[in-house]
Amino acid sequence: MQIREMTAEQAYEVYRKNFPEAFPPAELRPWRNILAMIRQGRYVCYGGYTDDGSVQCCAFFIRAGGVYLMDYLMTVPQSRGGGWGSRFLKELLDGPFAQAVILGEVEAPDKGPEDEIRRRRLAFYERNRFVQTCVKCCLYEVEYRIIAFHLPRELEGERLIDKLKAIYTELLGTARYTRWVRLWCEDPDK
């Protein structure tokens, strides 16, 4: 697998062809917003390519305050379940993001009907060197666990909440942040 930073055009093709099927409509950021952040240097997209040049996986990141917030991680439908996602993430973390602090949001298990899939997602990230932090986030009425790769000690707990508040406020604006985002610390084993 070859890991390459995607151009805006390449990222758009993957977004257009795969994101509507891969993500619920409520989780899809409008392409015009992504493109604006790419043009501002605040957003970066990477693809995992086969030798024939076809994209198998992609990861989209928001660059903010010295960290990367993983916006999307996706494997194309025909390659799911074949280990592509794990290989792609390993190569990203060993390559272009080897020294980066990466944060992510994973839907928190809630003992509801989708609990098993949420636990599997968390386990996937833990197998791939991410750790659950104590921070939880309620974003647009969906509760997430915040996961991290290379989280420095000085960014744990309340300092991580402060960093996320700054990121979300920058992304959403103060009014939407105040209305739609809550951040707090809780034991990850709860």
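This is a walk through a few helices and loops of the structure above. Keep in mind that the model is a predicted one.

Let's begin with two helices, H1 (residues 8-22) and H2 (residues 31-39). Their axes come within 11 Å and cross at roughly 160 degrees. What does such an angle say about their directions? An angle over 145 degrees counts as roughly antiparallel, and therefore H1 and H2 are roughly antiparallel to each other. Their crossing is right-handed.

Now look at the residues that meet there. H1 brings Ala 8, Ala 11, Tyr 12 and Tyr 15, and these meet Trp 31, Ile 34, Leu 35 and Ile 38 of H2. Sorted by class, the contact of H1 with H2 holds 8 nonpolar residues, with no polar and no charged ones. One general point helps in reading such lists of residue numbers. An α-helix has 3.6 residues a turn, so residues three or four places apart point the same way.

Next, move along the chain to helix H4, which covers residues 115-127. Here you can try a small check of your own. The 13 residues of H4, at 1.5 Å a residue, should span 18 Å, because the expected span is 1.5 Å times one less than the number of residues. The C-alpha atoms at the two ends of H4 are 18 Å apart, which agrees.

Which residues of H4 are buried? They are Asp 115, Arg 118, Leu 122, Phe 124 and Tyr 125. And what covers them? The cover includes helix H3 (84-94), together with strands S4 (67-75), S5 (102-107), S6 (131-139) and S7 (142-149).

Just past this helix is a loop worth a visit. Asn 128 lies in the loop between H4 and S6. Is Asn 128 buried or exposed? Its relative accessibility is 9%, and buried means under 20%, so Asn 128 counts as buried. Leaving aside residues up to four places away in sequence, Asn 128 touches Ser 86, Leu 89 and Leu 93. H4 is also followed by Arg 129, which has a positive phi, near 75 degrees.

Why point out the sign of phi? Most residues other than glycine have a negative phi. With that in mind, two further loop residues deserve a look. Tyr 140, in the loop between S6 and S7, is not a glycine, yet has a positive phi of about 50 degrees. Tyr 140 is partly exposed, with a relative accessible area of 35%. His 150, in the loop between S7 and helix H5 (158-172), is likewise a residue other than glycine with a positive phi, this time near 65 degrees. At 38% relative accessibility, His 150 counts as partly exposed.

Finally, let's visit two other loops. Gln 78 sits in the loop between S4 and H3. With a relative accessibility of 66%, Gln 78 counts as exposed, because the cut-off for exposed is over 50%. Gln 78 and Gln 56 are separated by 22 residues in sequence, while their C-alpha atoms are 8.5 Å apart in space.

Asp 51 is in the loop between strand S2 (43-49) and strand S3 (55-64). Its relative accessible area is 72%, so Asp 51 is exposed as well. From Asp 51 to Thr 7 there are 44 residues in sequence and 18 Å in space, C-alpha to C-alpha.

How values were computed:
Residues numbered from 1 in each chain as written. Predicted model: local features only at pLDDT ≥ 70, side-chain atom pairs only at ≥ 80, totals over all residues. Heavy atoms only, no water. Axes fitted to C-alpha atoms, helices over the stretch in contact; angles between N-to-C directions. Helix = DSSP H or I, 4+ residues; strand = E, 2+ residues; numbered from the N terminus. Parallel < 35°, antiparallel > 145°, perpendicular 65-115°, else oblique. Left-handed = near helix turned anticlockwise from the far one by under 90°. Contact = heavy atoms within 4.5 Å. Nonpolar A, V, L, I, M, F, W, Y, C, P; charged D, E, K, R; others polar. Buried < 20%, exposed > 50% of the residue type's maximum accessible area, 1.4 Å probe, protein only.
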